[in-house]
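User: Please take a close look at the metal site in this model. I would like to know what holds the ion, and then how the surrounding parts of the chain are arranged.

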Amino acid sequence: MATYARYLAHGEIAYGVVEGDAVHQLTAAPYEDHEVTDHTHGLSEVKLLAPVVPGKVVAIGLNYRSHIGDRTPPSVPEPFFKTTSSVIGPGDDIVIPKEAVEENVTMQPEAELALVIGKRAKRVSAADALDCILGFTCGNDVSARDWQANDLSWWRAKSSDTFTPLGPVIVSGLDPSSLHLVGRINGKVDQEQMTSDLLYGVPEIIAFVTRVLTLEPGDVVMTGTPGTPGNIHDGDVVEIEIDGIGTLKNAVRNED
Ligand code: MG
């Protein structure tokens, strides 16, 4: 089990491995050939960034019965894409676009288990899928509901700038089938579920997605959200916590 971070220190961005209150700089991303250096910072001295810069973000829709409700559960996993330009890190603001504010669009967070690919994966069986994963992080699939319902595609509903918070760190060696996932708005529990309740678990998702597209090291897969999230507005604070990983915290504000 290892904990990886990406961070800004003294004007430079680096990857590191976290041990206790310290982060030891790596010579490259944790999914690349790398060595641990003796260049060390206190965790409180660095600004944590999104723990990965993904080449693509694949997200799974309708993957908890508590979220599906009266809708028909999909007969196979239901992937869609989020733009990499929508990724932000812990502590960054979720910015509601001006147009969404003006149109009074309903905005909701989606607490999700996210995984980071460690090894190139194409046509990987469910049995081998976990071997392709570097580790797990918290993800927020921020959603503009009216745009999601009314636009032909989800391009801005799910991928406006800042709509994909990830972090705070990546933890390897976790069992993705038994993690406790909690979403909070302003400190109040809003979503709560075990990942054992996923309709399609992580191995099945990887097997299904890699039939047709190669997942590369650093790519992110978000596994879906439980329940019915509450609405978020300017000034709110969203936290997503997964046991063994930590808490991803982002404030919400309207675009200036
Ligand atoms: Mg989602």
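Analyst: Glu110 has a relative accessible area of 4%, and because buried means under 20%, Glu110 counts as buried. This is a predicted model, and the values here are computed from it. Asp141 is buried as well, with a relative accessible area of 0%. Both residues are protein donors of the magnesium ion, together with Glu112. Glu110 and Glu112 each donate through OE, and Asp141 through OD, with the donors lying 2.0 to 2.1 Å from the ion. Along the chain, the donors follow the spacing E-x1-E-x28-D. The site links distant parts of the chain, since Glu110 and Asp141 are 31 residues apart. Glu110 is in the loop between strand S10 (107–108) and strand S11 (111–117), while Asp141 is in the loop between strand S12 (133–140) and strand S13 (143–144).

Next, the nonpolar core. The largest one has 53 residues, and Met107, Leu115, Leu215 and Ile245 touch the most other members. Domain 1 (3–48) and domain 2 (57–254) both contribute residues, so this core lies between them. A second, separate core holds 20 residues, including Val17, Leu26, Ala50 and Val116.

Ile245 can be followed further through its contacts. Leaving aside neighbours within four places in sequence, Ile245 is in contact with Leu113, Phe136, Thr137 and Cys138. The list for Ile245 also has Pro168, Val169, Val171 and Leu174. Of these, Pro168 is found in strand S14 (residues 164–171). A cis peptide bond joins Gly167 to Pro168, with omega at about 5°.

The division of the chain comes next. Domain 1 covers 3–48 and domain 2 covers 57–254. Taken over C-alpha atoms, the centres of domain 1 and domain 2 are separated by 25 Å. Seven residues from domain 1 and eleven residues from domain 2 make the contact. The size of an interface is often given as the accessible area lost when the parts come together. Between domain 1 and domain 2, the buried area is about 790 Å², and carbon and sulfur atoms give 65% of it. On the domain 1 side, Tyr4, Tyr31 and Leu48 lose the most area to domain 2, together 66% of what that side buries. The count of salt bridges between domain 1 and domain 2 is one. Lys47 forms a salt bridge with Asp92, and the closest N and O atoms are 3.1 Å apart.

Two residues in the N-terminal part of the chain can be placed in more detail. Ala9 is found in strand S1 (residues 3–9). Its relative accessibility is 9%, so Ala9 counts as buried, the limit being under 20%. Leaving aside neighbours within four places in sequence, Ala9 is in contact with His41 and Val46. The C-alpha atoms of Ala9 and His34 are separated by 19 Å, with the two positions 25 residues apart in the numbering.

Gln25 lies in strand S3 (residues 22–26). Gln25 is partly exposed, with a relative accessible area of 22%. Not counting residues up to four places away in sequence, Gln25 touches Tyr7, Ala14, Tyr15 and Gly16. Gln25 also touches Glu35, Val36, Thr37 and His39. Gln25 and Asp38 are 13 residues apart in sequence, and their C-alpha atoms are 7.2 Å apart in space.

Two loop residues have backbone angles to note. Phi of Leu62 is near 50°, a positive value in a residue other than glycine. Leu62 sits in the loop between strand S6 (57–61) and helix H1 (65–68). With a relative accessible area of 25%, Leu62 is partly exposed. Asn104 also has a positive phi, near 55°, and is a residue other than glycine. Asn104 is in the loop between helix H2 (98–102) and S10. At 64% relative accessibility, Asn104 counts as exposed, because exposed means over 50%.

To return to the request, the magnesium ion has Glu110, Glu112 and Asp141 as its protein donors. Of these, Glu110 is buried at 4% relative accessible area and Asp141 is buried at 0%.

Definitions and conventions: Residues numbered from 1 in each chain as written. Predicted model: local features only at pLDDT ≥ 70, side-chain atom pairs only at ≥ 80, totals over all residues. Heavy atoms only, no water. Donors = N, O, S within 2.8 Å, 3.2 Å for Na, K, Ca; no water. Helix = DSSP H or I, 4+ residues; strand = E, 2+ residues; numbered from the N terminus. Buried < 20%, exposed > 50% of the residue type's maximum accessible area, 1.4 Å probe, protein only. Core = buried A, V, L, I, M, F, W, Y, C linked by side-chain atoms within 4.5 Å. Domains from an automatic or database assignment. Contact = heavy atoms within 4.5 Å. Buried area = accessible area lost by both parts, 1.4 Å probe. Salt bridge = Lys/Arg side-chain N within 4 Å of Asp/Glu carboxyl O.
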